[in-house]
Amino acid sequence: MSNTEKEIILTGDRPTGPLHLGHFVGSLNNRVKLQNTGKYHQFVMIADLQALTDNAENPEKIRQNILEVTLDYLAAGLEPDKTTFFVQSHVPALYELPMYYSNLVTMSRLERNPTIKAEIKLRNFERNLPVGFMTYPISQAADITAFKAKFVPVGEDQLPMLEQTREIVSAFNRIYKCEILVEPQAILPDNEACCRLVGTDGGTKMSKSLGNCIYLKDDEKTIKQKVMSMFTDPTHINVSDPGHTENNPVFIYLDAFSNDDMFAEYLPEYKNLEELKEHYRRGGLGDMKVKKFLNNVMQEMLKPIRERREEYAKDKSALLEILRKGTEHAIEISNKTVDEVRNAIGINYFSDQSFKDNFID
Ligand code: TRP
């Protein structure tokens, strides 16, 4: 199949820090799998413009994290000859399309977006909310539609963004009587624990601003220390007490990351996670033992990722070149969509012959 026949996938990440396990299970992992099917043309975007919407006074943070995130992508298993990596701020279509789309979205619709609502609350913006932040769902619709992406592998928190994008697509195609824009669909992780991974503190979401993350780049010692100090079941005080496995981050992580082979290797007294959970609920199983197992699970998963990262980090010019080439490709593809969009709206004065011919003074 040639590239033009392949269905398109697009995702992005804000470069506000290195990527963590929440990113990995929520989306990165799916991107690697999709990449390796060879069935899609995949774009992965470093969303520096979106990161600026609440970091206008702190651009250095974003600058610092461009190559950091690129390394995390490569470490996770994305490959530049199979996936196009690009930087959002260098793709002109991503500035132009939001200008057209913003006229198709009402303020009250933006205010109802649950992700935006939650983020505003988390950041205590109140009246100091930057306009750019409020409208970033429109910019995100441009990111997706500029490439005519059909699939967007994301975590659950991004579903409202996709809903909003679909509304923009359908309004655009209806108003301008065309079928240019494509309605995207989310690809969610198949394991529920992965959709919205809790933090090591048991908080609702792993998030850099909450300080409850395990990073893909964490070294062995840091991982161990984070796992061993994880929040568990506060009612499980003595080893003999019955414990709760629901809402217990240690068990949630085991749901997300462990498999039966790991039991055979590191904890052969139990066949699988169900047996371990049963023992914990019954009482007589200490948190330390479970955490030691989780540490082994995490180390096994993160070691190859960390090693790949170290390898790629050796050649910084090659990293930059990956981004530069990918960005060039992204510009070329998205400019085609912009041309179609301008034609559909009828603002193609210089390229459309009939524009002047039909002008009657
Ligand atoms: N909003 C996403 C995040 O916070 C980043 C992002 C920007 C994105 N543009 C996108 C994700 C387009 C998917 C598709 O991580």
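This note covers the two domains, their interface, the ligand site and the salt bridges of a predicted model.

1. **Domains.** The domain assignment gives two parts. Domain 1 is discontinuous in sequence and covers 3-196 + 316-359. Domain 2 covers 218-311. Their centres, taken over C-alpha atoms, are 35 Å apart. In the contact, domain 1 contributes 13 residues and domain 2 contributes ten residues.

2. **Buried area.** Interface size is often quoted as the accessible area lost when the parts come together. Here, domain 1 and domain 2 bury about 900 Å² between them. Carbon and sulfur atoms give 66% of that area. On the domain 1 side, three residues stand out: Leu21, Ala75 and Ala193. Together they supply 50% of the area that domain 1 buries against domain 2, and no other three residues supply as much.

3. **Polar links across the interface.** Two salt bridges cross between domain 1 and domain 2. Glutamate 68 also forms a salt bridge with arginine 309, with the closest N and O atoms 2.7 Å apart. Three residue pairs are in polar contact across the interface of domain 1 and domain 2, counting pairs with both residues at pLDDT 80 or more.

4. **Which elements build the domain 1 face?** Three helices each supply at least two residues of the side that touches domain 2: α1 (21-37), α3 (59-76) and α10 (192-195). Helix α3 gives the most, with six residues. By class, this side of domain 1 has nine nonpolar, two polar and two charged residues.

5. **Ligand site.** There are 13 residues around the ligand. The ones that come nearest are Arg14, Gln50, Gln140, Asp143 and Gln158. Three polar side-chain distances deserve a look. Aspartate 143 places a polar side-chain atom 2.8 Å from a ligand nitrogen atom. Glutamine 158 has a polar side-chain atom 3.1 Å from a nitrogen atom of the ligand. For arginine 14, the partner is an oxygen atom of the ligand, and the distance from a polar side-chain atom is 3.1 Å.

6. **Salt bridges overall.** How many salt bridges does the whole structure hold? The search finds 22. One pairs the side chains of arginine 31 and aspartate 13, at 2.9 Å from N to O. This pair links distant parts of the chain. Arginine 31 sits in helix α1, and aspartate 13 sits in strand β1 (residues 7-13). The two residues are 18 residues apart.

Note on methods
Residues are numbered from 1 along each chain as its sequence is written. This is a predicted model: local features need pLDDT of at least 70, side-chain atom pairs count only at pLDDT 80 or more; totals for chains, interfaces and linings use all residues. Side-chain values use heavy atoms; hydrogens and water are left out. Domain bounds come from an automatic or database domain assignment. Contact means heavy atoms within 4.5 Å. Buried area is the accessible area (1.4 Å probe) that two parts lose on being put together, summed over both. A salt bridge is a side-chain nitrogen of Lys or Arg within 4 Å of a carboxyl oxygen of Asp or Glu. A polar contact is a pair of N or O atoms within 3.5 Å; within protein, one must be able to donate a hydrogen and the other to accept it, and residues adjacent in sequence count only if both atoms are side-chain atoms. Helices (H or I, at least four residues) and strands (E, at least two) are DSSP runs, numbered from the N terminus. Ala, Val, Leu, Ile, Met, Phe, Trp, Tyr, Cys and Pro count as nonpolar, Asp, Glu, Lys and Arg as charged, and the others, Gly among them, as polar. A residue is near a molecule or strand if one of its heavy atoms lies within 4 Å of it.
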